[in-house]
Amino acid sequence: MDNLVLDELGAVALRQGSTTLNAMAFADTDVHSLFTATLSGTRYRMSGCTDAVYSNGTLIESSVAGSGDISFGAHMGQILFARGTTKKKYN
């Protein structure tokens, strides 16, 4: 049953297939952090790649300090991300 998941009502459903998120590969191929948020009806897919952050495939920050995963969160219509000494908001 590795192709089944529980849906939002807790019923067993067939797992959906995967799709390509963007038409071109990221310039940074080390994708280590992913986050999806829906703000005001718009879906934002955030990706942490090497020391950069992308929103829907577009580079928004290129010099995130530290190493390891980038922490993402959403609050009051903004997406927040941090790693090391870098703390940013995206709206």
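**Aromatic pairs and a three-stranded sheet**

I would like to begin with a single residue, Ala52, which is buried, since its relative accessible area is 3% and the word buried is used for values under 20%. Please keep in mind throughout that what we are looking at is a predicted model. Ala52 is found in strand β5, which covers residues 52-55, and if you look for Val31, which is 21 residues away along the chain, you will find that the C-alpha atoms of Ala52 and Val31 are separated by 9.4 Å.

As a contrast, please turn to Thr58, which is found in strand β6, residues 58-61. Thr58 has a relative accessible area of 49% and is therefore partly exposed, because that term covers the values between 20% and 50%. The C-alpha atom of Thr58 is 9.5 Å from that of Ser47, a residue 11 positions away along the chain.

Let me now move to the sheet, in which 3 strands are arranged in the order β7-β8-β9, forming an open sheet with antiparallel pairing. Which strands stand at the edges of this sheet? They are β7 and β9, and because each has a single partner strand, one side of each is left without a neighbour in the sheet. From one strand to the next, the twist averages 20°. As general background, strands of a sheet pair through backbone hydrogen bonds, and they may do so in a parallel or an antiparallel way.

If we take the strands two at a time, β7 is joined to β8, which spans residues 78-83, by 5 bridges, and these two strands run antiparallel. They form a hairpin with 2 residues between them, and Met76, in the turn, has a positive phi of about 50°. On the other side of the sheet order, β8 and β9 also pair in the antiparallel sense, over 5 bridges, and one of the bridge partnerships here is that of Leu80 with Lys89 in β9. These strands too form a hairpin with 2 residues between them, where Gly84 in the turn has a positive phi of about 60°.

Now for the aromatic rings: how many aromatic pairs does the structure hold? The structure holds 3 of them, and one is formed by Phe35 and Phe72, whose rings are stacked, with 5.8 Å from centre to centre and 10° between the planes. This pair links distant parts of the chain, since Phe35 lies in strand β3 (residues 31-39) and Phe72 in strand β7 (residues 71-75), which places them 37 residues apart. Is Phe72 buried or exposed? With a relative accessible area of 17%, Phe72 is buried. Another of the pairs is formed by Tyr44 and Tyr90, and this one is edge-to-face, with 6.2 Å from centre to centre and 85° between the planes. Because Tyr44 lies in strand β4 (residues 42-49) and Tyr90 in strand β9 (residues 86-90), the pair ties together parts that are 46 residues apart in sequence. Tyr44 counts as partly exposed at 21% relative accessibility, and Tyr90 counts as partly exposed at 24%.

Finally, I would like to bring the rings and the sheet together. Phe72 stands opposite Phe81, which is in β8, and ring pairs link Phe35, Phe72 and Phe81 into a cluster. If you follow Phe72 in the model, then, you meet a residue of strand β7 that belongs both to the stacked pair with Phe35 and to this cluster.

Notes
Residues numbered from 1 in each chain as written. Predicted model: local features only at pLDDT ≥ 70, side-chain atom pairs only at ≥ 80, totals over all residues. Heavy atoms only, no water. Phe/Tyr/Trp six-rings, centres within 6.5 Å; stacked < 30°, edge-to-face > 60°. Helix = DSSP H or I, 4+ residues; strand = E, 2+ residues; numbered from the N terminus. Buried < 20%, exposed > 50% of the residue type's maximum accessible area, 1.4 Å probe, protein only. Pairing = 2+ DSSP bridges. Axes fitted to C-alpha atoms, helices over the stretch in contact; angles between N-to-C directions.
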